[in-house]
Amino acid sequence: MKHLVFAAVVSAFAIVPACAKTLRIATSADYPPWESVNSGGDIIGFDLDIGNAVCKKIKVECEWTNQAYDGLLPALVAGQYDMIISAISITEDRKKNIDFSAPYAQAPASFGTTGDNFSGIEDKAALDAALAGKNVGVQGSSIFEGVVAENFKSANAKIYQQADQIIADLQTGRIDAAVMEVSAWEEYGSNHKEANLTMFGPLLTYADYPQLGDGIGFGIAKGNTDLKEKVDAAVAELLKDGTIAKSSQKWFGYDVSP
């Protein structure tokens, strides 16, 4: 029965006209300042602003859905959404299943912990040695799962569905460290001062860790060239007119434009 439902969804997606007035977008709103849910239950964040700006450029309405990060790509492949926007890094592995827009952002990552247990680490070798045998939290299906698995093999990766679960387990000592984007560490540190979150070690960049991908883009269903062309053009305009830089300053305090 599940296979029949899947086939029906894919078939329905295949006949969605290019001139559709609504763009179905999914995000995992648990990763501030990229996306989160405010006290009123509304999705907010940098990605929401840029997604809405793209929709305005291509003259469609955004229809946002919040769901778990590890389900975003499968749901896009299954035709449940037209696009996924959730600080998703463009990687060769993901390109096997979905297409990406041109990158609209780029951001470094870092390991982090509570307190100063990992202070004084300045290079990759020291970082690898410090993490040996340690429990390191990563969000499932994120690029950081690959970063830890392929570059810090002596660490014990612990997979979480949501970033706030990682922060909670750091506080209780269930894990020793975690890896996230710098902007996420900054946001969680500001909102959870009691956790005493600190970043440590050298920044993780695309140049040194290819698992981080080629920037951050919008995920688009494979073969939907019409939508990709429109979104690429919109992203180019938003980069040129300063919209992305301005929104970056609003949410991060610095420019994350690629």
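Student: Which handedness does the crossing of helix 2 and helix 10 have?
Tutor: Helix 2 passes helix 10 in a right-handed crossing. Keep in mind that this is a predicted model.

Student: What angle do helix 2 and helix 10 pack at?
Tutor: About 160°, with the axes 10 Å apart. That makes helix 2 roughly antiparallel to helix 10.

Student: Which residues make the contact?
Tutor: From helix 2, Phe46, Asp49, Ile50 and Ala53. From helix 10, Thr243, Ile244, Ser247, Ser248, Lys250 and Trp251.

Student: How do the residues of that contact divide into nonpolar, polar and charged?
Tutor: The contact of helix 2 with helix 10 has 5 nonpolar, 3 polar and 2 charged residues.

Student: Now helix 9. Where do its axis and that of helix 2 come, and at what angle do they cross?
Tutor: The axes of helix 2 (residues 46-57) and helix 9 (residues 225-240) come within 9 Å. They cross at roughly 115°. That makes helix 2 roughly perpendicular to helix 9.

Student: Is that crossing left-handed or right-handed?
Tutor: The crossing of helix 2 and helix 9 is right-handed.

Student: Which residues meet there?
Tutor: Helix 2 brings Ile50, Ala53, Val54 and Lys57. Helix 9 brings Val231, Ala234, Val235, Glu237 and Leu238. By class, the contact of helix 2 with helix 9 holds 7 nonpolar, no polar and 2 charged residues.

Student: Why would residues three or four places apart in a helix point the same way?
Tutor: An α-helix has 3.6 residues a turn, so residues at that spacing face the same way.

Student: Switching to sheets. What order do the strands have in the sheet with strand 12?
Tutor: The order is 4-1-5-12-6. It is an open sheet of 5 strands with mixed pairing.

Student: Which are the edge strands?
Tutor: Strand 4 and strand 6 (98-100), each pairing on one side only.

Student: Which strands of that sheet does helix 2 touch?
Tutor: Helix 2 packs on the sheet and touches strand 1 and strand 4. Its direction makes about 150° with that of strand 4.

Student: And which strands does helix 9 lie across?
Tutor: Helix 9 lies across strand 1, strand 5, strand 6 and strand 12 (219-221). It runs at about 155° to strand 12.

Student: How many bridges join strand 1 to strand 4?
Tutor: 6 bridges join strand 1 (residues 22-27) to strand 4 (residues 61-66). The two run parallel. Thr22 has Glu61 as its bridge partner in strand 4.

Student: What about strand 5: how many bridges join it to strand 1?
Tutor: 2 bridges, and strand 1 and strand 5 (residues 83-84) run parallel. Met83 in strand 5 stands opposite Ile25.

Student: Next sheet. What order do strands 7 to 11 have?
Tutor: The order is 9-8-10-7-11, in an open sheet of 5 strands with mixed pairing. Strand 9 (156-160) and strand 11 (197-204) each have a single partner strand, so one side of each is left without a neighbour in the sheet. Neighbouring strands of this sheet are turned by 35° against each other on average, direction ignored.

Student: Which helix touches strand 8 there?
Tutor: Helix 5 (residues 124-131) does. Helix 5 packs on the sheet, also touching strand 7 (109-114), strand 10 and strand 11. Its direction makes about 135° with that of strand 11. Helix 8 (residues 182-191) packs on the sheet too, touching strand 7, strand 10 and strand 11. The direction of helix 8 makes about 110° with that of strand 10.

Student: What joins strand 8 to strand 10?
Tutor: 2 bridges join strand 8 (residues 135-139) to strand 10 (residues 177-181), and these strands run parallel. Gly137 stands opposite Ala178 in strand 10.

Student: Back to helix 5. Which residue caps its N-terminal end?
Tutor: Asp123. A side-chain oxygen of Asp123 lies 3.3 Å from the backbone nitrogen of Ala125. After helix 5 comes Gly133, with a positive phi near 75°.

Student: Backbone oddities next. Where is the cis peptide bond?
Tutor: It joins Pro32 and Pro33, with omega about 0°. Pro33 is found in the loop between strand 1 and strand 2 (36-37).

Student: Which residue other than glycine has a positive phi near 50°?
Tutor: Ala87. Ala87 is in the loop between strand 5 and helix 4 (92-95).

Technical notes:
Residues are numbered from 1 along each chain as its sequence is written. This is a predicted model: local features need pLDDT of at least 70, side-chain atom pairs count only at pLDDT 80 or more; totals for chains, interfaces and linings use all residues. Side-chain values use heavy atoms; hydrogens and water are left out. Two strands pair if DSSP finds at least two bridges between them. Helices (H or I, at least four residues) and strands (E, at least two) are DSSP runs, numbered from the N terminus. Axes are lines fitted to C-alpha atoms, for helices over the stretch in contact, and angles run from 0 to 180 degrees between N-to-C directions. Contact means heavy atoms within 4.5 Å. A polar contact is a pair of N or O atoms within 3.5 Å; within protein, one must be able to donate a hydrogen and the other to accept it, and residues adjacent in sequence count only if both atoms are side-chain atoms. Angles under 35 degrees count as roughly parallel, over 145 as roughly antiparallel, 65 to 115 as roughly perpendicular and the rest as oblique. A crossing is left-handed if the near helix is turned anticlockwise from the far one by less than a right angle, and right-handed if clockwise. Ala, Val, Leu, Ile, Met, Phe, Trp, Tyr, Cys and Pro count as nonpolar, Asp, Glu, Lys and Arg as charged, and the others, Gly among them, as polar.
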